[in-house]
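Let's take a walk through this one, starting from a few salt bridges and ending in a loop. Have the viewer open as you read.

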Amino acid sequence: MLRQEEDERWMREAIAEARKAEAIGEVPIGAVIVHEEKIIGRGHNLRESIPDSTAHAEMLAIREASRSLAAWRLLDCTLYVTLEPCPMCAGALVQSRVKRVVYGTPDPKAGCAGTLMNLLDEPRFNHEAELTSGVLQEECASLLTDFFRRLRKSRSTR
C-alpha cells in the first residue's frame with residue numbers, strides 16, 4: 001500500500017475518534033496510534049467531560065498504546081491526529097519515543113509540530129519524530145470549523 005493511502009486510511013480512523021468527541025459536545029479532535037498495521041491506542045478530546053486539561057486525544061491514545069504494549073516506549077509506532085499537536089502533546093510524543101507523527105490540519109494558536117515551533121524534530125532532545133502534515137486536511141479542518149460555527153450560532157441565539 002502506498003504511504004499516502006495508508007496515511008489516509010489511518011487518518012480516517014482518527015476522524016472517527018474526532019466525531020465521537022463532537023457527539024458529546026467536545027471539540028472534535030481524534031487520534032489513533034498504529035503499530036504493525038494495527039491500532040493499539042485511540043483517543044478523542046475529553047477535556048470538558050472529565051474535566052482534565054491533559055485529556056487531549058493524543059494523550060489518551062498514548063496512554064492506551066502504552067498499556068497495549070506494556071511499555072512506555074512507543075518505538076515503531078505512528079500517531080495519527082486530526083489537529084497539529086500542542087506543546088504538551090508534542091512533548092509527550094517525544095518522551096514516549098513515537099517514531100512518526102501524522103496530522104491533518106495545522107493549529108495556528110498552539111501548533112508545536114511546525115506551525116509555532118517544532119518540538120518533534122528539536123535536535124537538543126534525545127528523540128526526534130518523523131513528521132507528515134496535511135493528510136485529509138480539508139476534512140479535518142472542516143470538523144473544527146463547523147463545530148465552532150455551530151457553537152457560536154447556538155450562543156448567539158440564547
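What follows is a short tour of a predicted model.

## Salt bridges across the chain

How many salt bridges does the structure hold? The count is 12. One of them joins the side chains of Glu139 and Arg19, with an N to O distance of 3.8 Å. That pair ties together distant parts of the chain: Glu139 sits in helix 4 (residues 137–156) and Arg19 in helix 1 (residues 3–23), 120 residues apart. Glu139 counts as partly exposed because its relative accessibility is 32%. Arg19 is partly exposed too, at 42%.

Another salt bridge brings the side chains of Asp76 and Lys99 together at 3.9 Å, N to O. Here the link runs between two loops: Asp76 is in the one between helix 2 and strand 3, while Lys99 is in the one between helix 3 and strand 4, and the two residues are 23 apart along the chain. With a relative accessibility of 54%, Asp76 counts as exposed. Lys99, at 45%, falls in the partly exposed class.

## A network around Arg100

Now look at Glu130 and Arg100, whose side chains form a salt bridge at 3.5 Å, N to O. This one connects strand 5, home of Glu130, to strand 4, home of Arg100, with the two positions 30 residues apart in numbering. Is Arg100 buried or exposed? Arg100 is buried, since its relative accessible area is 4% and the cut-off for buried is under 20%. The network goes further than this pair: salt bridges with shared partners join Arg3, Asp7, Arg100 and Glu130.

Glu130 doesn't match its partner in burial class: at 33% relative accessibility, Glu130 counts as partly exposed.

## The far end of strand 4

Strand 4 covers residues 100–105, and Thr105 lies in it. Thr105 counts as buried because its relative accessibility is 7%. Which residues does Thr105 touch, leaving aside those up to four places away in sequence? The list is Thr82, Leu83, Glu84, Gln137, Cys140, Ala141 and Leu144.

Several of those contacts can be placed on the elements already visited. Strand 3 spans 77–83, and Thr82 and Leu83 fall in that range. Helix 4 runs over residues 137–156, which takes in Gln137, Cys140, Ala141 and Leu144.

## Helix 3 and what covers it

Helix 3 spans residues 87–95, and its buried residues are Cys89, Ala90, Ala92, Leu93 and Val94. What covers them? The cover includes helix 2 (57–69), strand 3 and strand 4. As a reminder on helix geometry, an α-helix has 3.6 residues a turn, so residues three or four places apart point the same way. After helix 3 comes Arg97, which has a positive phi, near 65°.

## Out in the loop

Finally, find Pro108, in the loop between strand 4 and strand 5 (130–133). Pro108 counts as exposed because its relative accessibility is 63%. Beyond residues up to four places away in sequence, Pro108 touches Thr115 and Leu116.

For a sense of distance, try Gly41: its C-alpha atom is separated from that of Pro108 by 26 Å, and the two residues are 67 apart along the chain.

Definitions and conventions: Residues numbered from 1 in each chain as written. Predicted model: local features only at pLDDT ≥ 70, side-chain atom pairs only at ≥ 80, totals over all residues. Heavy atoms only, no water. Helix = DSSP H or I, 4+ residues; strand = E, 2+ residues; numbered from the N terminus. Buried < 20%, exposed > 50% of the residue type's maximum accessible area, 1.4 Å probe, protein only. Contact = heavy atoms within 4.5 Å. Salt bridge = Lys/Arg side-chain N within 4 Å of Asp/Glu carboxyl O.
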